[in-house]
Amino acid sequence: ANYTFSKSLDNMSAEGNGYTDTMDAFNLGLNKGRSDFDRPHVFNLQGLYTLPIGTGHALGTAMPKWANALIGGWDIGGLAIWESGGVMTAGSGRYTNLSYLSASWDNYTGSRNIGSVMRRGDGVYFIDPALISSFNYPLAGDVGNAGRNTFRGPRFFNVDASLVKSFAITEKKRVIFRAEAYNLFNNVDFANPSMAISTPATFGKISAVNNNPRLLQGALRFNW
């Protein structure tokens with residue numbers, strides 16, 4: 001198990017052949033903000049446990065060979081990930097600034113620590129649509145005060161699990177059975193919502209997810 005508390009700042013998060021357009025080529029500090037990959041809290045847990053049943057274990061050590069072959073020697077594994085949500089930028093979609101490469105940010109008044117998953121009759125929201133009045137288009141020549149990556153979206157949580165059993169046929173031959181579950185609890189990890197004030201009908205609304213629904217699969221392998 002490990003837990004990481006961190007903060008990453010930069011003025012561009014592109015890697016390799018990617019690039020980030022600057023808000024103002026003469027003031028690169030305007031682009032300084034939390035990295036696209038910034039996650040302040042990340043917790044990972046991985047485990048493998050052999051059930052104490054069967055020959056040589058605490059339970060059923062005297063069971064007959066056929067029972068030990070079916071019941072004994074099962075391994076349970078798990079992988080859990082729990083981390084903070086990704087960052088978001090409140091962009092205006094308008095080129096009111098001095099650069100024709102990057103649209104300016106919104107002008108915003110209020111706390112940047114806003115948002116929670118809200119299920120409503122017309123969909124799922126993360127930011128209350130009523131807060132759209134706190135976001136405004138910047139004036140001509142203004143870059144907007146909302147800043148880059150100053151908001152944070154929904155958190156991410158996922159658990160995968162496995163159940164494994166090895167059946168010995170001879171000294172050198174065995175069959176291995178695996179049952180695996182991805183997203184074991186069928187948890188929905190929502191993607192970041194729309195923050196476009198140019199489309200008020202979808203402002204604050206979530207339209208995608210970051211993971212798959214629960215997936216179950218089994219596998220049988222012969223080793224020799």
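Select serine 162 and show what surrounds it: leaving aside neighbours within four places in sequence, serine 162 is in contact (heavy atoms within 4.5 Å) with Asp75, Ile76, Gly77, Arg178, Ala179 and Glu180. Colour residues 156-168 too, since serine 162 sits in strand 12. Strands (E, at least two residues) and helices (H or I, at least four) are DSSP runs, numbered from the N terminus. Is serine 162 buried or exposed? Its relative accessible area is 17%, so serine 162 is buried; the cut-offs are under 20% for buried, over 50% for exposed, and partly exposed in between, with a 1.4 Å probe and protein chains only.

A word about what you are looking at: this is a predicted model, where local features need pLDDT of at least 70 and side-chain atom pairs count only at pLDDT 80 or more, while totals for chains, interfaces and linings use all residues. Residues are numbered from 1 along each chain as its sequence is written, and side-chain values use heavy atoms, with hydrogens and water left out.

Now zoom out to the whole protein. Its secondary structure comes to 1 helix and 15 strands. The radius of gyration is 26 Å, well over the 17 Å that the globule rule gives for 224 residues, so the protein is more spread out than a compact globule. That radius is taken over C-alpha atoms, and the globule rule is 2.2 Å times the number of residues to the power 0.38. Turn the C-alpha trace around and you will see a span of about 85 × 45 × 25 Å along its principal axes. Of the 224 residues, 33% count as buried.

Next, select phenylalanine 203, in the loop between strand 13 (174-182) and strand 14 (205-206). Phenylalanine 203 counts as buried because its relative accessibility is 1%. Not counting residues up to four places away in sequence, its contacts include Tyr125, Ile127, Phe135, Met195 and Ile197. Add alanine 130: the two residues are 73 apart in sequence, yet 9.2 Å apart in space, C-alpha to C-alpha.

Stay in that same loop between strand 13 and strand 14 for asparagine 183. Its phi is near 55°, a positive value in a residue other than glycine. Most residues other than glycine have a negative phi. Asparagine 183 is buried, because its relative accessibility is 3%. Then jump to asparagine 149, in the loop between strand 10 (135-136) and strand 11 (151-152), where phi is also positive, near 55°.

Which residues touch the most other members of the largest nonpolar core? Select Met88, Ala90, Tyr108, Ile127, Phe135, Phe151 and Met195, from a core of 18 residues. Such a core is a set of buried Ala, Val, Leu, Ile, Met, Phe, Trp, Tyr and Cys residues joined through side-chain atoms within 4.5 Å. Click on alanine 90: beyond four places in sequence, its contacts include Trp105, Phe135 and Met195.

For a contrast, pick alanine 25, in the loop between strand 2 (9-10) and strand 3 (33-34). Alanine 25 is exposed, because its relative accessible area is 60%. Leucine 98 is 73 residues away from alanine 25 in sequence, and 9.0 Å away in space, C-alpha to C-alpha.
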